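Hi,

Here is the structure I promised to pass on, and my notes follow below it. Please have it open in your viewer as you read.

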Amino acid sequence: MWPWGHLAVAYLCYSIARHRLRDRPPRALPVIALAIGSQFPDLIDKPFAWSLELLPGGRTLTHSVFVAALLLPSVYLAASRFDRPDAGVAFAVGHVSHLLADIPPNAILTADASQLTFLVWPLLPPPPYESVDGILAGFLRYSMGWYEWAQLGLAFVALLVWYRDGRPGLGYVRRSVTILTRKAA
C-alpha cells in the first residue's frame, strides 16, 4: 500500500473511533502521532531492506506483531509520561492499521495465509516479492491498477473527513515550521 493509503486508512479509523467514543473530532498532537504511526513500519523496513540490504524484505522487522507487542506499549508509556496518552493511542492505531492494510486483498479473498507471514517474521520468512534497487526504484516500478486508484480515492475521502474535522494538526505543523525557519534565519 502507498503511504497516502496507509495514512487514509489510519485517519478514517481514528476519526470514526474518536467521534463514536468521545463525540468530538481528533485533536492536533494525536493526529500527528497517528500520521507517524501509519508510516513507521515502512520508514524502518523499506530503507533497511531496499537500500541497506540489512533486512530480507520491505515487510519484516517493524511489520511483525512481535515488534508491535514491544513498541506500542513503550510508545504509550512514553506518551503518558508526558501527559499525552491520546498521542500514544493514536500512534498505535496508525501502526496497527498499517499492518492490517498491508495484508494483500487477494490473501483475504482467497484465504491465502502464506501472504500473512510478514506478521510473524522472523518465525516465518516474509512472502516473496520482487527485489528493488533502492527506495526510488521501488516507487517507480509500481503501476496504477485498480488497487492504487482505490487508495487514491480513499485518500480523497480521508482528506474530506480531515477537513470536516477542522484540519487537526495543520496549525501545529505550521507553527512548528515557522519556529524552525525563524531559528534558522
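H1 passes H7 in a left-handed crossing. This is a predicted model, so please read everything below in that light. The axes of these two helices come within 8 Å and cross at roughly 40 degrees, which makes H1 oblique to H7. On the H1 side, the residues that meet H7 are Trp4, Gly5, Ala8, Val9, Tyr11, Leu12, Ser15 and His19. Their partners in H7 are Gln151, Leu152, Leu154, Ala155, Val157, Ala158, Val161, Trp162 and Arg164. Sorted by class, this contact of H1 with H7 has 12 nonpolar, 4 polar and 1 charged residues.

H1 also packs on H2, here at an angle of about 140 degrees and with the axes 9 Å apart. That makes H1 oblique to H2, and the crossing is right-handed. H1 brings Pro3, His6, Leu7, Ala10, Tyr11 and Tyr14 to the contact, while H2 brings Pro30, Val31, Leu34, Ala35, Ser38, Gln39 and Asp42. The class count for H1 with H2 is 9 nonpolar, 3 polar and 1 charged. Tyr11 is worth a look on screen: it is listed in the contact with H7 and also in the contact with H2.

The loop between H1 and H2 holds aspartate 23. Its phi is near 55 degrees, a positive value in a residue other than glycine. As a reminder, most residues other than glycine have a negative phi.

Which residues line the second largest pocket? They are Trp4, Leu7, Ala8, Tyr11, Val31, Ala35, Ala155, Ala158, Leu159 and Trp162. Helix H1 (3–22), helix H2 (28–51) and helix H7 (146–164) are the elements that give two or more residues to this lining. The volume of the pocket is about 210 Å³. By class, the lining has 10 nonpolar residues, with no polar and no charged ones. Several names will be familiar from the helix contacts: Trp4 and Ala8, for instance, also meet H7, and Val31 and Ala35 take part in the contact of H2 with H1.

Next, the pair H3 and H4. Helix H3 (residues 65–81) and helix H4 (residues 85–101) pack at an angle of about 160 degrees, and their axes are 6 Å apart. That makes H3 roughly antiparallel to H4, because angles over 145 degrees count that way. H3 passes H4 in a right-handed crossing. From H3, the contact uses Ala68, Leu71, Leu72, Val75, Tyr76, Ala79 and Ser80. From H4, it uses Pro85, Ala87, Gly88, Val89, Phe91, Ala92, His95, Val96 and Leu99. These residues divide into 13 nonpolar, 3 polar and no charged.

One last item for your list is a cis peptide bond. It joins tryptophan 121 and proline 122, with omega at about 15 degrees. Proline 122 sits in the loop between helix H5 (105–110) and helix H6 (135–140). Most peptide bonds are trans.

Happy to go through any of this together whenever it suits you.

Best wishes

Conventions: Residues are numbered from 1 along each chain as its sequence is written. This is a predicted model: local features need pLDDT of at least 70, side-chain atom pairs count only at pLDDT 80 or more; totals for chains, interfaces and linings use all residues. Side-chain values use heavy atoms; hydrogens and water are left out. On a 1 Å grid over the protein atoms alone, a cavity is a set of points where a 1.4 Å probe fits but cannot get out, and a pocket is an open set with protein on both sides within 12 Å along at least five of seven lines; lining residues have an atom within 4 Å of a point. Grid points are joined across faces, edges and corners, and a volume is the space filled by probe spheres set on the points. Helices (H or I, at least four residues) and strands (E, at least two) are DSSP runs, numbered from the N terminus. Ala, Val, Leu, Ile, Met, Phe, Trp, Tyr, Cys and Pro count as nonpolar, Asp, Glu, Lys and Arg as charged, and the others, Gly among them, as polar. Axes are lines fitted to C-alpha atoms, for helices over the stretch in contact, and angles run from 0 to 180 degrees between N-to-C directions. Angles under 35 degrees count as roughly parallel, over 145 as roughly antiparallel, 65 to 115 as roughly perpendicular and the rest as oblique. A crossing is left-handed if the near helix is turned anticlockwise from the far one by less than a right angle, and right-handed if clockwise. Contact means heavy atoms within 4.5 Å.
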